[in-house]
Amino acid sequence: MKESFNLRNVEFKNRILVASGTFGYGDEVPDLVDIAKLGGIVTKSLSMKPRDGNPSPRITETSSGMLNSIGLANIGVHKFINEKLPTLKKSNSTIIANIAASSVEEYCSVLELLDGQEGVHGFEINVSCPNVKEGGLSFGTDVKLVSLITKELRKRTQKPLIIKLTPNVTHISDFARACETEGADAVSVINTVIGMSVNINTRKPKIATTTGGLSGPAIKPIALAKVYETCNAIKIPVIGIGGITSWEDAVEFFIVGASMVQIGTANFINPATGISVVEGVKQYCEKNGFDDVEQIIKSLQTDKTISIVDSWL
Ligand code: SIN
């Protein structure tokens, strides 16, 4: 059974990755979780300088979901290279460095520093964090800026370049097309959905920044619709993210068209979720007579003439 997937010049041993911000730098997971069994690890977002992030409280649980406003807290790219990458390199995993920045120049400088590092196999560019005033959504909701960032980064690397898109726009497919035109190898769909939660006793928002990013099972139907829309608009691979907690969820994403998936919030409940998804997808394929996961991708049985989403494309 073929589980692997190639993106540009990199082979992923399977199509199940762990999402940025939910697996630290790969060094905080219990020894029992064999990260080498995953298709890859996407690091926490890295910026040029270390960031403290937003004031607390910055996480709260909601119905079937989690609201976060971390504010891109991270150790900075230099500390990552010196202190985290040496351990990650030994893990026998495919490492995708996620980059966040507050200017086009910062994206370029961080990518250039990481591009020379042997253990970094590719990049995911965060243009979609809803929790910062500079960068984040102010970039990710502006199609011209998303184009510019993709174009500038493409000039600077031959490694896989993945752009992580926000669902907080009218038509995510417009942004995906811009990424494809400017040379991205793939897009990740979706980052979190803007959300809010209120304590009725204090009448205060439950997180300090008032709004935050909603993730977890609550957003899975939104993510599936955005992945479907994107997959029908572009030819480059789409990496599906949003509320995946089981292999059945991952298979749904493959059927609507995702070429790979990322497990996010579920890692906070069980950091071995990704490994059980790898096993479950394999068994599903074997049981149903598929000898390559590719055979289930974009296999949705739908009547495009009455599909609403198809009329946007
Ligand atoms: C955060 O750091 O606030 C979350 C990251 C993101 O949503 O991209």
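## The open sheet

In this predicted model, four strands form an open sheet in the order β5-β6-β14-β11, and their pairing is antiparallel. Because β5 (59-62) and β11 (193-196) stand at the edges with a single partner strand each, one side of each is left without a neighbour in the sheet. On average, and with direction ignored, neighbouring strands of this sheet are turned by 40° against each other.

Within the sheet, strand β6 (residues 65-68) pairs with strand β14 (residues 211-215) over three bridges, in the antiparallel sense. Asparagine 68 stands opposite glycine 213, which belongs to β14.

## The barrel

Eight strands close into a barrel, following the order β3-β4-β7-β8-β9-β10-β15-β16, and here the pairing is parallel. From one strand to the next, the twist averages 25°.

One of the pairings is that of strand β10 (residues 186-189) with strand β15 (residues 238-241), which run parallel and are joined by three bridges. Serine 188 has isoleucine 239, in β15, as its bridge partner.

## Two helices, α1 and α2

Helix α2 (residues 104-115) lies across three strands, β7 (95-99), β8 (122-126) and β9 (161-165), and runs at about 160° to β8.

Helix α1 (residues 77-89) has 13 residues, yet its end C-alpha atoms are only 16 Å apart, which falls short of the 18 Å that a straight helix would reach at 1.5 Å a residue. The helix bends by about 40° at glutamate 83, and proline 86 follows within four residues of that position.

Which residues of α1 are buried? They are Val77, Phe80, Ile81, Lys84, Leu85 and Leu88. An α-helix has 3.6 residues a turn, so residues three or four places apart point the same way. The cover over the buried residues of α1 includes β4 (40-42), β7 and α2.

## Cysteines

How many disulfides does the model contain, if a disulfide is taken as a pair of cysteine sulfur atoms within 2.5 Å? The count comes to zero. Cysteine 129 is in no disulfide, and the nearest cysteine sulfur to its own, that of cysteine 179, is 17 Å away. Cysteine 179 is likewise in no disulfide, with the nearest cysteine sulfur, that of cysteine 231, 14 Å away.

Because buried means under 20% relative accessible area, cysteine 129 counts as buried at 7%, and cysteine 179 counts as buried at 0% relative accessibility.

Conventions
Residues numbered from 1 in each chain as written. Predicted model: local features only at pLDDT ≥ 70, side-chain atom pairs only at ≥ 80, totals over all residues. Heavy atoms only, no water. Pairing = 2+ DSSP bridges. Axes fitted to C-alpha atoms, helices over the stretch in contact; angles between N-to-C directions. Contact = heavy atoms within 4.5 Å. Expected span 1.5 Å × (residues − 1). Bend = angle between axes of the 7 residues up to and from the residue. Buried < 20%, exposed > 50% of the residue type's maximum accessible area, 1.4 Å probe, protein only. Disulfide = S-S within 2.5 Å.
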